[in-house]
Amino acid sequence: MMLQFSLGFLLMLSCGSESSFTEMMPEPEPTSGDVTLYVTSGYRIQEFKKTYLNFSANDNLSPNTLFLDPQQTYQTMDGFGAAITGSSAYNLLKMSAADRTKFLKETFSTTEGMGQSYVRIAIGCSDFSLSEYTLNDKPGIENFALQKEELEYVIPVMKEILAINPDIKVMGSPWTAPLWMKVNNLQERAPYTSWTGGHLNPAHYQDYGTYFVKWIQAMEAQGIRIHSITPQNEPLNHLNSASMVMKWEEQRDFIKQALGPKLRGAGLQTKIYAYDHNYNYDNMADQQSYPVRIYEDAEASQYIAGAAYHNYGGDRSELLDIHAKAPDKELIFSETSIGTWNNGNVLSTQLIADMREVGLGTINNWSRGVIVWNLMLDADRGPTREGGCLTCYGAVDIDSDYRTIKKNSHYFVVGHLSAVVKSGAVRIGSKGKTPEGIIHSAFRNPDNSFAIVLANSNSVDTSVTFSDGDKHFTHIVPANSVVSYQWSK
């Protein structure tokens, strides 16, 4: 019977309706077009799939048209990416060289991948390091030196990334000063020998400013240029491993008395971003508007490019408030994590939520860039240490075979942005009617191409027309998906 059916089927194909056969064949994927698209579905039907569309030759009669307005301009964009923690570097180096190169190209190459363009690394250890350490554990600033984690893990990975994308921006943040520079509080100033908590001793402001200079210079000697730093990761969090408290008055004084003058004296152009913590200032009444309080001191403000924020507490509307209070200062979104607490590795629920809150949400509130936490964690959400986050997922998670990779929402959020929004792009306005459930940002790149990143939170495919004033095109945006578009003027 099977043989008879097969022969009959072949006979139908040769003698029957040619149109029936044509209808069974899928249309070939376009290999070029006026508009380049990248599509990711929350249902994983498509994962950063590249395709193309052409401009319409017909008049635009669509009521759902998004009109770009290049005359309305907002912030200039810096870049998008993830943190290369000690744990991430460890996992990457457990991969075979070929598999690692393939993944890094998919992530950082501007021609073969997403072109992610901003990474964050720790100055010394973080809560995702292989051990607790600083770069100066032996007292005396003359004993500063890069340690094993930098030399054997982070720096080798960074060199591979920079070989793929030499224009990557790098942000550095310390989790703690060396213990010999710490005191229990600023009143008693008793020695403090714990990795967790404590304060920077004002008597060591100059030493610690030199510590930053030495780190920047040591990294640059390795071929890694440091674009920006923050004086302290999560300065209001005394429970992290490792950590150090630095309230706004302390950070103001450290910047104006030591960090700013030390960097300037060394001829370094590295940007300083204040704060680097949550929108809600950990609900401390006397720490509200933390960076603005520092800006009010002209001596400190001259050294500061802007402020960095995390989203583990509070609302992104705080970015709008800080921009309104200090419109001449920059904003950067420097850390967020997904984890077991929010089913963070379930793409169907997290993709749109993270694009709304982390990606487009912070950008539409004046952030110049978006950096998520660990680029890669393993199947056990590590390596990590007790006292660090035991429930975090990475932007990607790698299986115990160190080959099978699961890409999570944060990977796609920053990838969709970096793929079409280039460093130096300007966010521009848009107007017109867009369907409910569609959120977006629009940009003009340095090469004058246009870019749009859009999320469709609807449970159905939704038609949207895009117009730059001269040309237009229509796309049926898949349900529960994120799409990036780029085209030349």
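## Pairing in the nine-stranded sheet

Strand 22 (residues 462-467) and strand 23 are antiparallel partners joined over six bridges; two strands pair if DSSP finds at least two bridges between them. Within this pair, Ser 463 has Ile 476 of strand 23 as its bridge partner. The model is predicted, so that local features need pLDDT of at least 70 and side-chain atom pairs count only at pLDDT 80 or more, whereas totals for chains, interfaces and linings use all residues. Residues are numbered from 1 along each chain as its sequence is written, and side-chain values use heavy atoms, with hydrogens and water left out.

Strand 3 takes part in two further pairings. With strand 22 it runs parallel, joined by three bridges, and Leu 66 stands opposite Phe 466 of strand 22. With strand 19, strand 3 runs antiparallel, joined by five bridges; here Thr 73 stands opposite Ile 428 of strand 19.

## The sheet as a whole

These strands belong to an open sheet of nine strands with mixed pairing, in the order 2-1-24-21-20-19-3-22-23. Strand 2 (49-53) and strand 23 (472-477) each have a single partner strand and stand at the edges, so one side of each is left without a neighbour in the sheet. On average, neighbouring strands are turned by 30° against each other, direction ignored; axes are lines fitted to C-alpha atoms, for helices over the stretch in contact, and angles run from 0 to 180 degrees between N-to-C directions.

## Helices packed on the sheet

Helix 11 (residues 347-363) packs on this sheet and touches strand 1 (35-41), strand 3 (65-76), strand 19 (426-431), strand 20 (438-444), strand 21 (450-456) and strand 24 (481-487). Contact here means heavy atoms within 4.5 Å. The direction of helix 11 makes about 135° with that of strand 21.

Helix 12 (residues 409-420) also packs on the sheet, touching strand 1, strand 21 and strand 24. Its direction makes about 10° with that of strand 24.

## A three-stranded sheet

Another open sheet has three strands in the order 15-17-18, again with mixed pairing. Strand 15 (376-378) and strand 18 (405-407) stand at its edges, each with a single partner strand, so one side of each is left without a neighbour in the sheet. The twist averages 25° from one strand to the next.

Strand 17 (residues 396-398) and strand 18 run antiparallel and are joined by three bridges. Ile 398 has Ile 405 of strand 18 as its bridge partner.

## Overall dimensions

The protein has twelve helices and 24 strands; helices (H or I, at least four residues) and strands (E, at least two) are DSSP runs, numbered from the N terminus. The C-alpha atoms fill a box of roughly 95 × 55 × 40 Å along the principal axes. The radius of gyration is 25 Å, which agrees with the value near 23 Å for a compact globule of 489 residues; it is taken over C-alpha atoms, and the globule rule is 2.2 Å times the number of residues to the power 0.38.

## Internal cavities

A search of the whole structure finds three cavities of 30 Å³ or more. On a 1 Å grid over the protein atoms alone, a cavity is a set of points where a 1.4 Å probe fits but cannot get out, and lining residues have an atom within 4 Å of a point. The largest cavity holds about 50 Å³ of space, a volume being the space filled by probe spheres set on the points, which are joined across faces, edges and corners.

Helix 5 (148-164) and strand 5 (118-122) each supply at least two lining residues of the largest cavity, and helix 5 gives the largest share, three residues. Among the lining residues are Ile 84, Tyr 133 and Glu 149.

Terms used: 1 Å grid on protein atoms, 1.4 Å probe; cavity = no way out; pocket = protein on both sides within 12 Å on 5 of 7 lines; lining within 4 Å.
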